Amino acid sequence: MQSRSIVALALLVVLPANAFAQRGGGSSKAASIPKPTAAPAPRYPTVRDIEDHNPASLLVDKRKKLSLADSTVAQLKTLEKAIKERNAPTLAMYDSVRRRINSSLAQDVSEATPGLQMEDQQNKLGLRNLYSALRDQRAKDAQDALAFVPENSKKAATDLLKDQEDDFDRMMPSGQK
């Protein structure tokens, strides 16, 4: 099921980009007028930034504060590896799209043809979709990790995971979620 959604997201990003890459270049006067860039380029989270928000990793790091038993920590470490492996394909696509966006941001505004602008918009939409999929999966992973925590530590663990979720949501530039 997850591989189907990954393939669907990849097609959402790649197919429109390929369609615009094949179009001939027609120039218009409106496209040749450079538009001033008022705001600095947004910083999209890196793969490392996203991987650092693994719920199981957080609970392992806070094991002393949560008074977790060694057996619980071992289970969380196993879950941590499983989460990393499960997210690897989505993170690879995310990184690819993020790099394309960053390279388009580095281009001169006067070079932006309507086709390149449309491709950039498609890339940004694809990035938001991938980030949303990662956010949804992260919420499920947090519930899975919380299931290993004993009842006497669940409240503290829930608070830690909520803070991490808020931080995860703040990573995406505003208006890009």
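**Getting to know a chain of helices**

Trainee: How much area does the chain expose, and what share of it do carbon and sulfur atoms supply?
Mentor: Happy to start there, and please keep in mind that this is a predicted model. The chain exposes about 10700 Å². Of that area, the share supplied by carbon and sulfur atoms is 54%.

Trainee: Thanks! What percentage of the residues is buried?
Mentor: Buried here means under 20% relative accessible area. The chain has 177 residues, and the buried ones make up 36%.

Trainee: Which elements build the chain, helices or strands?
Mentor: The count of strands is zero, while there are eight helices. Reading along the sequence therefore gives a pattern with α at every position. Written out, that pattern is α-α-α-α-α-α-α-α.

Trainee: What share of the contacts joins residues at least 24 apart?
Mentor: Consider the contacts between residues at least 6 apart in sequence. Among these, the share that joins residues at least 24 apart is 83%.

Trainee: Now for the charged side chains. How many salt bridges does a search of the whole structure find?
Mentor: A pair counts when a side-chain nitrogen of Lys or Arg lies within 4 Å of a carboxyl oxygen of Asp or Glu. With that cut-off, the number of salt bridges found is nine.

Trainee: Which residue forms a salt bridge with arginine 43, and is that partner buried or exposed?
Mentor: The closest N and O atoms of the pair are 3.0 Å apart, and the partner is aspartate 49. Arginine 43 has a relative accessible area of 53%, so it counts as exposed. Aspartate 49 has 18%, so the partner of arginine 43 is buried.

Trainee: Which helices hold aspartate 141 and arginine 86?
Mentor: The side chains of these two residues meet in a salt bridge, 2.2 Å from N to O. The pair links distant parts of the chain, 55 residues apart, with aspartate 141 in helix H7 (residues 114-146) and arginine 86 in helix H6 (residues 70-106). Aspartate 141 is buried at 1% relative accessible area, whereas arginine 86 is partly exposed at 27%. The helices you asked for are H7 for aspartate 141 and H6 for arginine 86.

Trainee: About how many helical turns separate lysine 155 and aspartate 159?
Mentor: Their side chains meet in a salt bridge at 3.2 Å, N to O. Lysine 155 is exposed at 60%, and aspartate 159 is partly exposed at 35%. Because they sit four residues apart in helix H8 (residues 154-171), the separation is about one helical turn.

Trainee: Which residues do salt bridges that share partners join into one network?
Mentor: Here the salt bridges have partners in common. The network they make consists of Asp95, Arg98 and Arg99.

How values were computed
Residues are numbered from 1 along each chain as its sequence is written. This is a predicted model: local features need pLDDT of at least 70, side-chain atom pairs count only at pLDDT 80 or more; totals for chains, interfaces and linings use all residues. Side-chain values use heavy atoms; hydrogens and water are left out. Helices (H or I, at least four residues) and strands (E, at least two) are DSSP runs, numbered from the N terminus. Buried means under 20% relative accessible area, exposed over 50%, partly exposed in between (1.4 Å probe, protein chains only). Contact means heavy atoms within 4.5 Å. Accessible areas come from the Shrake-Rupley method with a 1.4 Å probe; for residues, only the protein chains shown count as cover.
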